[in-house]
Amino acid sequence: MSIAVYPGSFDPITCGHLDIIRRSAALFDEVVVAVLKNSAKKPLFSAEERVRLIEKSVSDIPNCRVIHFDGLLVDCVKALNARVIIKGLRAISDFEYEFQMAQLNKKLNPEIETFFMVTNANYSYISSSIVKEIAHLGGDFSDLLPKEIYNDVKEKIKKGRL
Ligand code: PNS
């Protein structure tokens, strides 16, 4: 069984992330979306909330499940009996960091491969940070994230303002 792990902070999941998940699910028997629990970036949503938002967004993808993890990504991948990490590349600016991470992960566990998937051009300008900034500033972010989670994100931002 081929299992691919798609790791990230997903604070929150965007249309770009969802596109990568769908395309990966078409290539592998199972895609495990792995949410980093304790990110250095102080997340807006707790790990449990981020998992729930992703679960809502992928409910029509039967071979996708969502977990959260702490510690090294390669240890999480090994514990899942997987050998592939999926990363999305939006632009050349992502490459330098992702290249370093891929080499570091290869050094930590040579059995694990990183596969890069080029982001759909329609989503290449979207990031979780951009979505949060637009939402905080009262702009329309409805087509930047999965429609199933739009209200959850709107409510969270509203609560943060109270
Ligand atoms: O969505 P992000 O914030 O770009 O995701 C980054 C993530 C979670 C993929 C990365 O920070 C990670 O793999 N963290 C786990 C800790 C780890 O393994 N670090 C060393 C090798 S990258």
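## The second largest pocket

In this predicted model, the second largest pocket is lined by Phe-45, Glu-49, Arg-52, Leu-53, Lys-56, Asp-152, Glu-155, Lys-156 and Lys-159. Two helices turn up repeatedly here: α2 (47–57) and α6 (150–161) each supply at least two residues of that lining.

If you are picturing the chemistry of these walls, the lining divides into 7 charged residues and 2 nonpolar ones, with no polar residues. The volume of the second largest pocket is about 150 Å³.

## The largest pocket

Now for the largest pocket, whose volume is about 1,100 Å³. It has 38 lining residues, and those closest to its centre are Pro-7, Gly-8, Ser-9, Lys-41 and Glu-98.

Which elements build this lining? At least two residues each come from β1, α1 (15–25), β4 (84–89), α4 and α5 (128–136). Helix α4 gives the most, with 7 residues. By residue class, the lining of the largest pocket holds 16 nonpolar, 13 polar and 9 charged residues.

## Where the ligand sits

The largest pocket is also the space that the ligand takes up. Two elements give two or more residues to the shell around the ligand, namely β1 (3–8) and α4 (92–108). Of these, α4 provides the largest share of the shell, 3 residues. So you will meet α4 twice when you look around this site, as it also gives the most to the lining of the largest pocket.

## Around the ligand

How many residues surround the ligand, and which are the closest? There are 13 in the shell, and the closest are Ser-9, Lys-41, Leu-73, Met-101 and Asn-105. The protein covers 78% of the 540 Å² of accessible area that the ligand has on its own.

The make-up of this shell is 7 nonpolar, 4 polar and 2 charged residues. Ser-9 and Lys-41 are worth finding in the viewer: both are among the closest residues to the ligand, and both are also among the lining residues closest to the centre of the largest pocket.

## Two contacts to look at

Ser-9 reaches the ligand through its side chain, where an N or O atom is 2.5 Å from an oxygen atom of the ligand. Leu-73 makes its approach through the backbone instead, with an N or O atom lying 2.8 Å from a ligand oxygen atom.

Note on methods
Residues are numbered from 1 along each chain as its sequence is written. This is a predicted model: local features need pLDDT of at least 70, side-chain atom pairs count only at pLDDT 80 or more; totals for chains, interfaces and linings use all residues. Side-chain values use heavy atoms; hydrogens and water are left out. A residue is near a molecule or strand if one of its heavy atoms lies within 4 Å of it. A polar contact is a pair of N or O atoms within 3.5 Å; within protein, one must be able to donate a hydrogen and the other to accept it, and residues adjacent in sequence count only if both atoms are side-chain atoms. Accessible areas come from the Shrake-Rupley method with a 1.4 Å probe; for residues, only the protein chains shown count as cover. On a 1 Å grid over the protein atoms alone, a cavity is a set of points where a 1.4 Å probe fits but cannot get out, and a pocket is an open set with protein on both sides within 12 Å along at least five of seven lines; lining residues have an atom within 4 Å of a point. A molecule sits in a cavity or pocket if more than half of its atoms lie within 2 Å of its grid points. Helices (H or I, at least four residues) and strands (E, at least two) are DSSP runs, numbered from the N terminus. Ala, Val, Leu, Ile, Met, Phe, Trp, Tyr, Cys and Pro count as nonpolar, Asp, Glu, Lys and Arg as charged, and the others, Gly among them, as polar. Grid points are joined across faces, edges and corners, and a volume is the space filled by probe spheres set on the points.
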